[in-house]
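Here is a short note for a colleague who is opening this structure for the first time. Please keep the sequence beside you while reading.

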Amino acid sequence: MVEVVVDLEKKTSRLTLKSFSNIKNLEKKIYYESQLGLSLKKRNRLFEIIEKDNSWSNRQEGLTFTNLYAHNTDWFMHNENTEFKELTDMIENRLMYSVLKVPLKHTVKECWGSIYGKDDYAKPHHHHPYLWAFTYYPFAPIGSSPLRFHDTVVQNGKAVSRFPDYVKEVFPSDDLLLLFPANTHHSVPKSLINEKRVVIAGNINIEHI
């Protein structure tokens with residue numbers, strides 16, 4: 001993992017190889033976690049929006065599909081709801097100024113919401129070719145399933161998850177934000193509780209990529 005330092009002397013916004021010539025090692029982490037500090041009112045509003053949109057539930061097959069076996073919304077909620085846009089703006093800033101610490105604009109390209117009930121889960125997957133992925137939990141009651149990160153192995157020339165083994169699991173809590181490289185394989189085991197585990201996830205790229 002590397003931290004990109006932008007050439008601030010350039011007079012154009014175009015990215016060149018020179019812009020990426022000076023790099024520093026980032027602290028080696030599977031993920032970066034923090035609390036966003038959203039109010040209960042705002043988190044409730046996000047939950048209400050997610051609950052009303054199940055347009056991508058039960059669509060695990062076909063050319064376009066979801067890896068989640070749970071209530072799932074449209075993929076571009078931040079383009080359709082001001083509440084989601086406010087959230088993704090905060091996440092972009094958290095990535096740029098707290099994790100990467102460089103003035104290189106990163107933008108949320110996709111954003112969706114999910115609700116996990118009893119027996120719901122997400123099979124192992126990754127978010128490549130995006131650079132970064134995130135999960136934000138408006139509500140995660142005690143006993144909520146963790147997010148599990150997996151090593152990868154190459155089979156028939158393709159990187160696949162080393163499943164069911166995992167290298168790290170994170171038990172979510174209310175208002176928790178996780179940021180991680182998008183090529184990291186991850187999954188969610190079946191929920192064992194009746195309470196609703198509410199998550200907003202998304203993909204991030206550099207502005208013009």
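The numbered points below go from the overall fold to the sheet, the cores and the cavity.

1. Basis. This is a predicted model, in which local features need pLDDT of at least 70 and side-chain atom pairs count only at pLDDT 80 or more, while totals for chains, interfaces and linings use all residues. Residues are numbered from 1 along each chain as its sequence is written, and side-chain values use heavy atoms, with hydrogens and water left out.

2. Overall make-up. The protein has two helices and 15 strands. Both kinds of element are DSSP runs numbered from the N terminus: helices are H or I with at least four residues, strands are E with at least two. Of the 209 residues, 48% count as buried. Buried means under 20% relative accessible area, exposed means over 50%, and partly exposed lies in between (1.4 Å probe, protein chains only). Among contacts with a separation of 6 or more, 77% join residues 24 or more positions apart. A contact here means heavy atoms within 4.5 Å.

3. The sheet. Six strands form an open, antiparallel sheet in the order β3-β13-β8-β15-β6-β5. β3 (32-35) and β5 (71-72) are the edge strands; each has a single partner, so one side of each is left without a neighbour in the sheet. Two strands count as paired if DSSP finds at least two bridges between them.

4. Pairings. At one edge, four bridges join β3 to β13, and Y32 has L179 of β13 as its bridge partner. At the other edge, two bridges join β5 to β6, with H71 opposite I115. β6 also pairs with β15, over 10 bridges; there H106 stands opposite I206. β6 is mostly covered, with 10 of its 11 residues buried.

5. Main core. Which residues touch the most other members of the largest nonpolar core? They are F134, L179 and I200, in a core of 29 residues. A nonpolar core is a set of buried Ala, Val, Leu, Ile, Met, Phe, Trp, Tyr and Cys residues joined through side-chain atoms within 4.5 Å. The elements giving two or more residues to this core are α1 (40-52), α2 (82-100), β6 (106-116), β8 (132-139), β13 (176-181) and β15 (197-206). The largest share, six residues, comes from α2.

6. L179 and a second core. Leaving aside residues up to four places away in sequence, L179 touches ten named neighbours, including Y32, I91, L95, F134 and I204. A second, separate core has 17 residues, among them Y31, A122, F180 and V188.

7. Cavity. The structure holds one cavity of 30 Å³ or more. The largest cavity has a volume of about 140 Å³. Closest to its centre, of 15 lining residues, are L68, Y116, H125, T135 and A201. A cavity is a set of points on a 1 Å grid over the protein atoms alone where a 1.4 Å probe fits but cannot get out; lining residues have an atom within 4 Å of a point. β6, β7 (121-125), β8, β14 (185-188) and β15 each supply at least two lining residues. The lining divides into nine nonpolar, five polar and one charged.

8. A helix residue to check. N93 lies in helix α2. N93 is partly exposed, with a relative accessible area of 39%. N93 and H106 are 13 residues apart in sequence and 8.3 Å apart in space, C-alpha to C-alpha.

Definitions and conventions:
On a 1 Å grid over the protein atoms alone, a cavity is a set of points where a 1.4 Å probe fits but cannot get out, and a pocket is an open set with protein on both sides within 12 Å along at least five of seven lines; lining residues have an atom within 4 Å of a point. Grid points are joined across faces, edges and corners, and a volume is the space filled by probe spheres set on the points. Ala, Val, Leu, Ile, Met, Phe, Trp, Tyr, Cys and Pro count as nonpolar, Asp, Glu, Lys and Arg as charged, and the others, Gly among them, as polar.
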